[in-house]
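Colleague: I should like to understand the terms used for this model. Please set each one against its definition.

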Amino acid sequence: MNTSEGATPPQEPPRQIRKATTRAESLIIVNTGDGKGKSTAAFGVVLRAVARDWNVCVIQFIKSGKWKVGEEKICRDLGVDWLKGGDGFTWESTDLDATEKIAMGSWQLAKAAIENGEYHLVVLDEITYPMNWRWIDPSEVIDTFQNRPRHVNIVATGRGAPLELIAIADTVTEMVNVRHAFDNGVKARRGIDF
Ligand code: ATP
Ligand code: MG
């Protein structure tokens, strides 16, 4: 994509579209990269899942209740189980140990939610960070994902997805940061960012 000058040149339409031949029982989806949209896309999947009457749960590993995120409110209204995760942005935390413990607790909730088969969709928002910091054991996460009940779909988000997670995922999308309003000093906005 040419972002610095002129318009996007015309493109050839795709000629061959591969025909899908198999129907997976469930998928592991990873949204990673530095651009905006990882969590937003995960909540898009939540909407689709709710529309199909799936049982859905969301666990956020980093953001806190004090952010009063809009997605938490609407998810609860829609009957999504919102299992409590992180304690504010880690870089704002005054007690790193506590934040680490909360992330570990979140993983215990997540592991149980995956293993008990109660949900068709489990969203693990920002799980890549505690994996990369080794607050939670990446190999335990991978094992849990791979040995999940076959109907349990998982969406995992966060920057810098570990390679072993990318290796086992069915769909991996890297959001590329072309530009973000924040770069021009625009603060996170209600209704857009949370
Ligand atoms: P979103 O929740 O908006 O989909 P995200 O999940 O892709 O964002 P996070 O790192 O979780 O990315 O974003 C947390 C907050 O930081 C959000 O308010 C988001 O708008 C903002 N943000 C996301 N990407 C960038 C970026 N490249 N530069 C600055 N701020 C960003
Ligand atoms: Mg996010």
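Colleague: What makes I154 in β5 the residue that stands opposite I28?

Modeller: I28 faces I154 across the pairing of β1 (residues 28-33) with β5 (residues 153-157). The model is predicted, so local features need pLDDT of at least 70 and side-chain atom pairs count only at pLDDT 80 or more, while totals for chains, interfaces and linings use all residues. Residues are numbered from 1 along each chain as its sequence is written, chains are lettered from A and ligands numbered from 1 in the order in which they are written, and side-chain values use heavy atoms, leaving out hydrogens and water.

Colleague: Why are β1 and β5 called paired strands?

Modeller: Strands are DSSP runs of E with at least two residues, and helices are runs of H or I with at least four, numbered from the N terminus. Two strands pair if DSSP finds at least two bridges between them. β1 and β5 share four bridges in the parallel sense, so the pair meets that definition. Five bridges join β1 to β6 (residues 171-175), again parallel, with V30 opposite V172. On β5, four parallel bridges lead to β4, where L124 has A156 as its partner.

Colleague: What makes β1 largely enclosed?

Modeller: Buried means under 20% relative accessible area, exposed over 50%, and partly exposed in between, with a 1.4 Å probe and protein chains only. Six of the six residues of β1 are buried, so the strand is largely enclosed by the rest of the structure. I28, V30 and T32 lie on one side and I29, N31 and G33 on the other. Five of the five residues of β5 are likewise buried, so that strand is largely enclosed too.

Colleague: How do you know that S39 and E126 are donors of the magnesium ion (ligand 2)?

Modeller: Donors are N, O and S atoms within 2.8 Å of the metal (3.2 Å for Na, K and Ca); water is not among the atoms, so sites may look incomplete. S39 (OG) and E126 (OE) lie 2.0 to 2.2 Å from the ion, so they qualify. S39 belongs to helix α1 (residues 38-51) and E126 to the loop between β4 (121-125) and α4 (128-132), so the pair ties together parts 87 residues apart in sequence. Both S39 and E126 are buried.

Colleague: Why is the approach of T40 to ligand 1 called a polar contact?

Modeller: A polar contact is a pair of N or O atoms within 3.5 Å; within protein, one must be able to donate a hydrogen and the other to accept it, and residues adjacent in sequence count only if both atoms are side-chain atoms. A polar side-chain atom of T40 is 2.4 Å from an oxygen atom of ligand 1, so the definition is met.
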